[in-house]
Amino acid sequence: MKHISIFMAALFGVLILTTSCNDEWKEEQYTQYISFKAPLNDLGVTDVYVPFSRHADDGSNIYGEGLSSYQLPVIVSGSNHNENNIAVHVGVDPDTLAQLNYERFSQRKDLYYVNMEQYATFPETVNLTPGNDISLLDIRFDFNGIDMSEKWVLPLEVKNNPSYGYTPHPRKNYSKALLRVFPFNNYSGNYSATTLKMARTTNIEDGIGGEQTRAYVVDENTVFFYAGIRIDEDRLDRKNYKVYFKFEPEGDGNRGKVDIYTDNPAMKLVVNNDAEFSVYEQYDEVRPYLLHHYIIINNINYNFTDYTSAVNTEFEYNVSGSVTLERPINTQIPNEDQAIEW
């Protein structure tokens, strides 16, 4: 009799627990929230690669030079399909960006992400129609004049108001999007720098190499690198050391000259060689649809002066060698930014 009582008590407890779980499951199943599709990376932002100029299939600029677009998915969550007309209100969210900057970088304001709303426009609402769980927020960018030595982020949020007739997702990383936008042209990206050497001009034989160096967009045919191999976006004075590379294609566009210059006379930049670039492509042996697109910049040789590392002291360096950019391109995807495997 004692064993029967214990069994009945255990069974009663299981039934209560099962009923409770079922109720929670039903609530999760039928509750619908509005969110963005913008998964965060380890730095707390979403990397977004956008062409500097949006191109048509024939290579022409759709909107004009420096004008581009990105479509951010807006989603209705839940296991049931959306059955309503929903006008989702979207706005800029500088407060979340400020919070991220302080939590991640504290007092290092030189490392802060910068709100790029001045370069972006988008409609105040995006419409979700019955039977559709996803719509796209059309964001337009004007990259002309943008200084990529800043770490640009477009912070967005799903606005919340009872009169809107929807509920933003309760998790902030779903109802908010922090888009770290990287405009790109044909020549920007991470270059392998293992054959690029940097040395004091007083002892060039003792040059050291690097692993990679990043080229940032300036315009359709121009990028900038930070001088040498030791300066990157984590350096406080990085804006002083931008070295511009302007590509001048010849013939079929697979080769040409590279004009190297700066807009900062204090760097005392001296270009010693006429740099050149070449392009070649190779299909992947394992994945035949994957095209490896390479850009090699040869004959790099310039001197520059580091005048900010030490007070009242200047260090003159020589940079020489070559760098290589590789872009794996999925030829099965027609969209130019989505086809590149970043």
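With a relative accessible area of 11%, N330 counts as buried, because anything under 20% falls in that class. The residue sits in strand β21, and once neighbours within four places in sequence are set aside, N330 is in contact with Y289, L290, A339 and E341. The model in which this is seen is a predicted one, and the rest of this section works outward from that residue to the overall build and then back to individual sites.

As for the chain as a whole, its secondary structure adds up to four helices and 21 strands. How does the radius of gyration sit against that of a compact globule of 342 residues, and what are the two values? The chain comes out at 26 Å, whereas a compact globule with that number of residues would be near 20 Å. Along the principal axes, the C-alpha atoms fill a box of roughly 95 × 50 × 45 Å. Of the 342 residues, 42% are buried. The accessible surface totals about 18,800 Å², and carbon and sulfur atoms own 49% of that. Take the contacts between residues at least 6 apart in sequence: 64% of them join residues at least 24 apart. On the charge side, there are 28 positive and 48 negative side chains, with the centres of the two sets 6 Å apart.

Aromatic rings come next. The structure holds 24 aromatic pairs. One of them is Y280 with Y294, a stacked pair with 4.8 Å from centre to centre and 20° between the planes. Y280 belongs to strand β19 (residues 275-283) and Y294 to strand β20 (residues 290-310), so this pair ties together parts that lie 14 residues apart in sequence. The two partners fall into separate accessibility classes: Y280 is partly exposed at 39% relative accessibility, while Y294 is buried at 16%. Elsewhere, ring pairs link Y216, F224, Y226, Y244 and Y261 into a cluster.

Right beside Y280 in the numbering is V279, also placed in strand β19. V279 is buried, its relative accessible area being 16%. Not counting residues up to four places away in sequence, V279 touches G253, N254, H293, Y294 and I295, and Y294 is the residue that stacks with Y280. How far is V279 from Y113, computed between C-alpha atoms? The separation is 34 Å, for two residues that are 166 apart along the chain.

N82 gives another long-range picture. This residue is found in the loop between β3 (67-76) and β4 (86-92), and, loop or not, N82 counts as buried at 1% relative accessibility. The C-alpha atoms of N82 and D133 are separated by 5.6 Å, with their positions 51 residues apart along the chain. D133 also turns up among the contacts of N82, which, leaving out residues up to four places away in sequence, are Q32, V76, L128, T129, P130, G131, N132 and D133.

Strand β14 (residues 212-219) holds T213. T213 is buried as well, at 10% relative accessibility. Its contacts, again without residues up to four places away in sequence, are G189, N190, Y191, A193, F225 and V323.

Backbone angles close the tour. Most residues other than glycine have a negative phi. Which sign does phi take in K268? It is positive, near 55°, in a residue other than glycine. K268 lies in the loop between β17 (255-261) and β18 (270-271) and is partly exposed, with a relative accessible area of 46%. N312 is another non-glycine residue with a positive phi, in this case about 60°. N312 is placed in the loop between β20 and β21 (313-330), and is exposed, with a relative accessible area of 80%.

Notes. Residues are numbered from 1 along each chain as its sequence is written. This is a predicted model: local features need pLDDT of at least 70, side-chain atom pairs count only at pLDDT 80 or more; totals for chains, interfaces and linings use all residues. Side-chain values use heavy atoms; hydrogens and water are left out. Helices (H or I, at least four residues) and strands (E, at least two) are DSSP runs, numbered from the N terminus. The radius of gyration is taken over C-alpha atoms; the globule rule is 2.2 Å times the number of residues to the power 0.38. Buried means under 20% relative accessible area, exposed over 50%, partly exposed in between (1.4 Å probe, protein chains only). Contact means heavy atoms within 4.5 Å. Accessible areas come from the Shrake-Rupley method with a 1.4 Å probe; for residues, only the protein chains shown count as cover. Lys and Arg count as positive and Asp and Glu as negative; His and the chain ends are not counted. The place of a charge is taken as NZ of Lys, CZ of Arg, CG of Asp or CD of Glu. Rings of Phe, Tyr and Trp (its six-membered ring) pair if their centres lie within 6.5 Å; planes under 30 degrees apart count as stacked, over 60 as edge-to-face and the rest as tilted.
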